[in-house]
Amino acid sequence: MEEIVRSVRGLKGYKMGDAEIQIMCYADHAALIAEGEDDLQRLLHLFNLKAKSLNMEISPTKTKCLKTSKTPLRSQLELDGRVIEQKIKFNYLRVELSGFGDTEAEVRYQATKAIRIAGCLNAIWCNRRMGTDSKSRIYKIVVRPMMTYTAETRPETMKTKRLLETAEMKILRRITGKTLLDRARSKDIRTACNVKNINEWVANRKKEWNEHISRMDHHRLVRIAREVHIGTKRRCAPGNDGATASRK
């Protein structure tokens, strides 16, 4: 894979500050990134040729294309004469990547999943022999991470914050045995469970992540992505609103 990565470094990719990104790899997956469709097709063609020279094969059915744009744009990438399937949304490592930046759907999906898992734990929440502190620890270890997965790098809006807070309070009420009819204040329920507001907890995680990035070398991609100033308009090829990516 290292030889393939070196082979595509000289082509045009996606400009990020002073750096230009053409490819990102994780395990046996690779993402090719470019500002325009023609540049991406060149990357994909060279990637494919180099892979074949090393007796490696790219599966056209597993390769997907995701184009970032405020409005849907059609893509016609080809691999060995076959058109690559284009996706508007793509689920990778349990994170839903959206071509138009729909973080609300991702947060709603994670919150719904956390509520379902909490529902499977009703036998624990209703166990009167177990203390509230023990139930709260189970919530912090098992349920809360599902709602806050990738929250360190995710942009927040008032709606996403409300979705997280609503889901958390629904679970904490089960832990304390309260309902909306009891008219118990959310602050009092959190105090009884010794649980910080989930949005405050996420803000602390963001701060810790930011400090972690600050300790990284200046050549690390994550540090470059944080410090680059794109402005109100993104750099893009004519007719495109952003980068186009292809995944193997």
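Two strands are taken to pair if DSSP finds at least two bridges between them. That criterion will be needed at the later stops of this tour, which concerns a predicted model.

**Whole chain.** Begin with the entire protein in cartoon view. Nine helices and 11 strands are present. The radius of gyration is 22 Å, well over the 18 Å that the globule rule gives for 248 residues, so the protein is more spread out than a compact globule. Turning the C-alpha trace along its principal axes shows a span of about 65 × 35 × 35 Å.

**Surface and interior.** Next, display the surface. The accessible surface comes to about 15400 Å², and carbon and sulfur atoms account for 52% of that area. Of the 248 residues, 35% are buried. Considering contacts between residues at least 6 apart in sequence, 58% join residues at least 24 apart.

**Charges.** Select the charged side chains. The protein carries 50 positive and 30 negative charges, and the mean positions of these two sets lie 7 Å apart.

**Strand β5.** Now select residues 64-67, which form strand β5. Show the side chains and compare their directions: Lys64 and Leu66 point one way from the strand, whereas Cys65 and Lys67 point the other way. Lys64, Cys65, Leu66 and Lys67 are all buried, the two lysines included.

**Partner strand β8.** Keep β5 selected and add residues 85-87, strand β8. Which way do β5 and β8 run relative to each other, parallel or antiparallel? The two strands run parallel, and three bridges join them. To finish, centre the view on Leu66 of β5, which stands opposite Lys87 in β8.

Conventions
Residues numbered from 1 in each chain as written. Predicted model: local features only at pLDDT ≥ 70, side-chain atom pairs only at ≥ 80, totals over all residues. Heavy atoms only, no water. Helix = DSSP H or I, 4+ residues; strand = E, 2+ residues; numbered from the N terminus. Rg over C-alpha atoms; globule rule 2.2 N^0.38 Å. Buried < 20%, exposed > 50% of the residue type's maximum accessible area, 1.4 Å probe, protein only. Contact = heavy atoms within 4.5 Å. Areas by Shrake-Rupley, 256 points an atom, 1.4 Å probe, with all protein chains shown as cover. Lys, Arg positive; Asp, Glu negative; His and termini not counted. Charge placed at Lys NZ, Arg CZ, Asp CG, Glu CD.
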